Amino acid sequence: MIDEMNQLMDKDSLTYDHSVRVSSLAKVMARGLNLNERQTNHLVTGCFLHDIGKLRIPVEILNKTSALAPHEWDLMKLHPSIGAKLLQEYRHLDKEIIEIVQFHHERWNGKGYPTGISGRNIPDFARICAIIDAFDCMVSNRPYRQGMSIGEATNQLLLHAGQQFDEHYVRIFIQLFHLEPLGSRNDPK
């Protein structure tokens, strides 16, 4: 597993750095949710490994600076299933960690991937990872776009709460990190 993350760092340092940030945010979220040591380990490890399936996605797709073509997007959407399959080879990994990897792109409304499950059918830790993953993606610069402000990203989380994201966990995330939506009286535009 460490070898795979080192390979990911060599192949796509942006994804690796993103994974480190997502796992760091997950650690804070775990404390805020009063998770026990085992649960914290599962959440943080799953968030660190959530994009491990991108190891099997062509680097040309990962580093593309324009919109993905439909066939490229279809390939990209395979990374959660590929990652889960890679991790199943490690018999010592608990299924909760693998579920984070497999289901972190599912949506509360059932319009996510790879399986289209919805609501509480999505494991809790995968729902949390989805929020943290999306937030970090929104505020980070990408080859194809500039990152949003924290206020703009907070607005997006709130806008999509109850549709893409679990509203309960969105509110906890915002409260834990003292985030202010753009346009609120405390947001420094």
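This passage describes the pockets, ring pairs and selected buried residues of a predicted model.

We can begin with the open space in the fold. The largest pocket holds about 980 Å³. Its lining is made up of 38 residues, and those nearest the centre are Trp 73, His 105, Cys 137, Arg 142 and Tyr 144. Several helices take part in this lining: helix H2 (13-32), helix H4 (59-62), helix H5 (70-76), helix H8 (124-139) and helix H9 (150-160) each contribute at least two residues. The most generous contributor is H8, which gives five residues. Sorted by class, the lining of the largest pocket comprises 16 nonpolar, 12 polar and 10 charged residues.

Enclosed space is a separate matter. Searching the whole structure turns up one cavity of 30 Å³ or more. The largest cavity contains about 40 Å³ of space. Around the largest cavity stand Glu 106, Trp 108, Ile 122, Arg 127, Ala 130, Gln 164, Phe 165 and Asp 166. In terms of class, four residues of this lining are nonpolar, one is polar and three are charged.

Aromatic rings offer another view of how the helices meet. The count of aromatic pairs comes to four. One of them joins Tyr 16 and Phe 48 in an edge-to-face arrangement, with 6.0 Å from centre to centre and 80 degrees between the planes. Because Tyr 16 belongs to helix H2 and Phe 48 to helix H3 (residues 37-49), this pair ties together parts that are 32 residues apart in sequence. The two partners fall into separate accessibility classes: Tyr 16, at 17% relative accessibility, is buried, whereas Phe 48, at 23%, is partly exposed. The rings of Phe 135 and Phe 173 also pair; their centres are 5.1 Å apart and their planes meet at 65 degrees, so this pair too is edge-to-face. Phe 135 sits in helix H8 and Phe 173 in helix H10 (residues 167-176), so the pair connects parts that are 38 residues apart in sequence. Phe 135 is buried at 8% relative accessibility, and Phe 173 is buried at 1%. Together with Phe 177, Phe 135 and Phe 173 are linked by ring pairs into a cluster.

Helix H8 also carries Asp 136. Is this residue buried or exposed? Asp 136 counts as buried because its relative accessibility is 4%, under the 20% limit. Its side chain makes a polar contact of 2.6 Å with the side chain of His 18. Leaving out residues up to four places away in sequence, Asp 136 touches His 18, Arg 21 and Val 22. His 18 thus appears both as a polar partner of Asp 136 and among the residues that Asp 136 touches.

Helix H7 (residues 95-103) has a buried set consisting of Ile 97, Ile 98, Ile 100, Val 101 and Phe 103. What covers the buried residues of H7 includes H3, helix H6 (79-88) and H8. The loop between H7 and H8 holds His 104, a buried residue with a relative accessible area of 1%. A polar atom of the His 104 side chain lies 2.8 Å from the backbone oxygen of Val 101. Which residues surround His 104, once neighbours within four places in sequence are left aside? The contacts of His 104 are His 50, Asp 51, His 79, Pro 80, Ala 126, Cys 129, Ala 130 and Asp 133. One of these, Ala 130, also lines the largest cavity.

The final site lies towards the start of the chain numbering. Glu 4 is located in helix H1 (residues 2-11). With a relative accessible area of 14%, Glu 4 is buried. Its C-alpha atom is 7.6 Å from that of Leu 55, although the two residues are 51 residues apart along the chain. Beyond the residues up to four places away in sequence, Glu 4 touches Ile 52, Leu 55 and Tyr 90.

Conventions. Residues are numbered from 1 along each chain as its sequence is written. This is a predicted model: local features need pLDDT of at least 70, side-chain atom pairs count only at pLDDT 80 or more; totals for chains, interfaces and linings use all residues. Side-chain values use heavy atoms; hydrogens and water are left out. On a 1 Å grid over the protein atoms alone, a cavity is a set of points where a 1.4 Å probe fits but cannot get out, and a pocket is an open set with protein on both sides within 12 Å along at least five of seven lines; lining residues have an atom within 4 Å of a point. Grid points are joined across faces, edges and corners, and a volume is the space filled by probe spheres set on the points. Helices (H or I, at least four residues) and strands (E, at least two) are DSSP runs, numbered from the N terminus. Ala, Val, Leu, Ile, Met, Phe, Trp, Tyr, Cys and Pro count as nonpolar, Asp, Glu, Lys and Arg as charged, and the others, Gly among them, as polar. Rings of Phe, Tyr and Trp (its six-membered ring) pair if their centres lie within 6.5 Å; planes under 30 degrees apart count as stacked, over 60 as edge-to-face and the rest as tilted. Buried means under 20% relative accessible area, exposed over 50%, partly exposed in between (1.4 Å probe, protein chains only). A polar contact is a pair of N or O atoms within 3.5 Å; within protein, one must be able to donate a hydrogen and the other to accept it, and residues adjacent in sequence count only if both atoms are side-chain atoms. Contact means heavy atoms within 4.5 Å.
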